[in-house]
Amino acid sequence: MPQLPAPAYPADVLARLEADAKEVIARYPSSRSALLPLLHLVQSQEGFVSRTGMAFCADQLGLTTAEVTAVATFYTMYRRRPSGDYQVGVCTNTLCAVMGGDAIFDRLKEHLGVGNDETTDDGKVTLEHIECNAACDFAPVVMVNWEFFDNQTPESATQLVDDLIAGRTVEPTRGAPLCTYKDTARILAGFPDARPGAVEASGGAGPASLVGLKLAKGEAAPQARVVGPRGETPRDAQSQKGAEHLSSHARPSADPHPTTSPFGAPDATQQTSASDPEHPAGPAAEEGE
């Protein structure tokens with residue numbers, strides 16, 4: 001059935017949002033580019049993107065409500081229904097799942113008495129499973145209002161939501177201190193986080209995330225090495241075998257016409273289909289086979 005037009009914001013709320021929207025739109029050469037931050041802005045007002053919020057965005061940007069709705073329903077960071085003060089997301093993607101993410105999610109559903117994308121009766125916590133948050137080296141990961149809580153267990157995650165509901169201070173593993181979901185949405189809209197020390201506390205990647213970068217730059221500790229898959233020789237042992245192989249080929253060859261290896265030392269003649277009867281070359285494949 002057709003819906004009635006979305007109700008308008010109260011006059012004072014509308015005036016404040018229009019002033020904020022004007023500031024956001026001025027950042028972009030094309031006004032419609034401001035749609036994503038404007039959706040965060042209206043989400044900071046109600047805690048979700050309502051039909052009223054989408055109508056407001058459409059009016060500010062000269063778009064149709066259908067165009068705004070298409071974007072708001074595409075991105076999962078935009079809530080479509082009222083949500084709690086704390087959005088608790090449990091990563092259930094591959095690595096987090098096998099490391100315990102599924103067990104954490106099941107425990108929290110039972111402990112909170114809610115299902116996926118549902119909010120506790122007190123309006124404090126909304127629980128949902130989320131896709132990969134690029135923190136696999138800290139798996140399993142739980143996020144609260146998009147701040148990281150790394151290396152979680154069912155027990156630690158249960159304590160986490162209990163602390164949130166009780167109003168106790170909770171510190172993310174890394175990143176800025178927690179604020180409410182509405183405050184987080186306003187920050188995502190591009191407005192500064194005015195809390196003292198919040199920006200400085202944001203930090204960067206954790207130590208586990210930087211190990212690969214240090215290895216690539218040769219900055220890792222001397223004893224650090226890359227471990228190969230099970231059953232394969234570790235890379236350092238392979239390097240030793242490779243060095244011995246090159247050394248053996250550095251001896252004079254009986255071949256009067258030795259080939260030269262890429263390392264500059266005489267090398268054994270390469271086996272080809274003509275010189276290796278056990279591995280003859282097959283017919284040339286047609287293009288596309």
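Two residues are in contact when they have heavy atoms within 4.5 Å of each other. With that in mind, select Leu38 in this predicted model and, setting aside its neighbours within four places in sequence, look for the residues in contact with Leu38, which are Ala21, Val24, Ile25, Cys57, Gln60 and Leu61.

**Stop one: the core around Leu38**

Keep Leu38 selected and add Leu39 and Val68, since these three touch the most other members of the largest nonpolar core, which has 24 residues. To see where this core draws its residues from, colour helices α1 (11–25), α2 (35–46), α3 (51–61) and α4 (65–72), the elements that each give two or more residues to this core. In soluble globular proteins, nonpolar side chains tend to be buried together. Apart from this core lies another one, of 19 residues, and you can find it by selecting Ile104, Val125, Phe149 and Val170, which are among its members.

**Stop two: helices α2 and α3**

Two packed helices are described by the angle between their axes and the distance between the axes. Show α2 and α3 alone, and you will be looking at a pair that packs at an angle of about 140°, with the axes 9 Å apart, in a crossing that is right-handed. Which residues make the contact between α2 and α3? On the α2 side, select Leu35, Leu38, Leu39, Val42 and Glu46, and on the α3 side select Gly53, Phe56, Cys57, Gln60 and Leu61.

**Stop three: strand β3 and its partners**

Move now to strand β3, residues 125–130, where five of the six residues are buried, so that this strand is largely enclosed by the rest of the structure. Strand β1, residues 86–91, pairs with β3 in the parallel sense over six bridges, and if you pick Gly89 you can trace its bridge partner in β3, Glu128. Strand β2, residues 118–119, runs antiparallel to β3 and is joined to β3 by two bridges; here the residue to pick is Glu118, whose bridge partner in β3 is Leu127. Between β2 and β3 the hairpin has five residues, and within this hairpin Gly123 takes a positive phi near 75°.

**Stop four: charged pairs**

Side chains of opposite charge can pair when their charged atoms come close. The count of salt bridges here comes to eleven, and a few of them are worth selecting in turn.

Begin with Asp106 and Lys109, whose closest N and O atoms are 3.7 Å apart; both residues lie in helix α5 (residues 94–112), three residues apart, which is about one turn of the helix. Asp106 is partly exposed, with a relative accessible area of 45%, and Lys109 is also partly exposed, at 29%.

Next, select Arg174 and Asp150, which meet in a salt bridge of 2.7 Å, N to O. This pair links distant parts of the chain, 24 residues apart, with Arg174 in the loop between α6 (154–166) and α7 (181–188) and Asp150 in the loop between β5 (147–149) and α6. Are these two residues, Arg174 and Asp150, buried or exposed? Both Arg174 and Asp150 are buried.

Then turn to Asp163 and Arg168, whose side chains also meet in a salt bridge, at 2.7 Å from N to O. Asp163 is buried, with a relative accessible area of 14%, whereas Arg168 is partly exposed, at 46%.

Finish by selecting Arg79, Arg81, Asp117 and Glu128 together, since these residues are linked in a network of salt bridges; Glu128 will be familiar from strand β3, where it is the bridge partner of Gly89.

Conventions: Residues numbered from 1 in each chain as written. Predicted model: local features only at pLDDT ≥ 70, side-chain atom pairs only at ≥ 80, totals over all residues. Heavy atoms only, no water. Buried < 20%, exposed > 50% of the residue type's maximum accessible area, 1.4 Å probe, protein only. Helix = DSSP H or I, 4+ residues; strand = E, 2+ residues; numbered from the N terminus. Pairing = 2+ DSSP bridges. Salt bridge = Lys/Arg side-chain N within 4 Å of Asp/Glu carboxyl O. Core = buried A, V, L, I, M, F, W, Y, C linked by side-chain atoms within 4.5 Å. Axes fitted to C-alpha atoms, helices over the stretch in contact; angles between N-to-C directions. Left-handed = near helix turned anticlockwise from the far one by under 90°.
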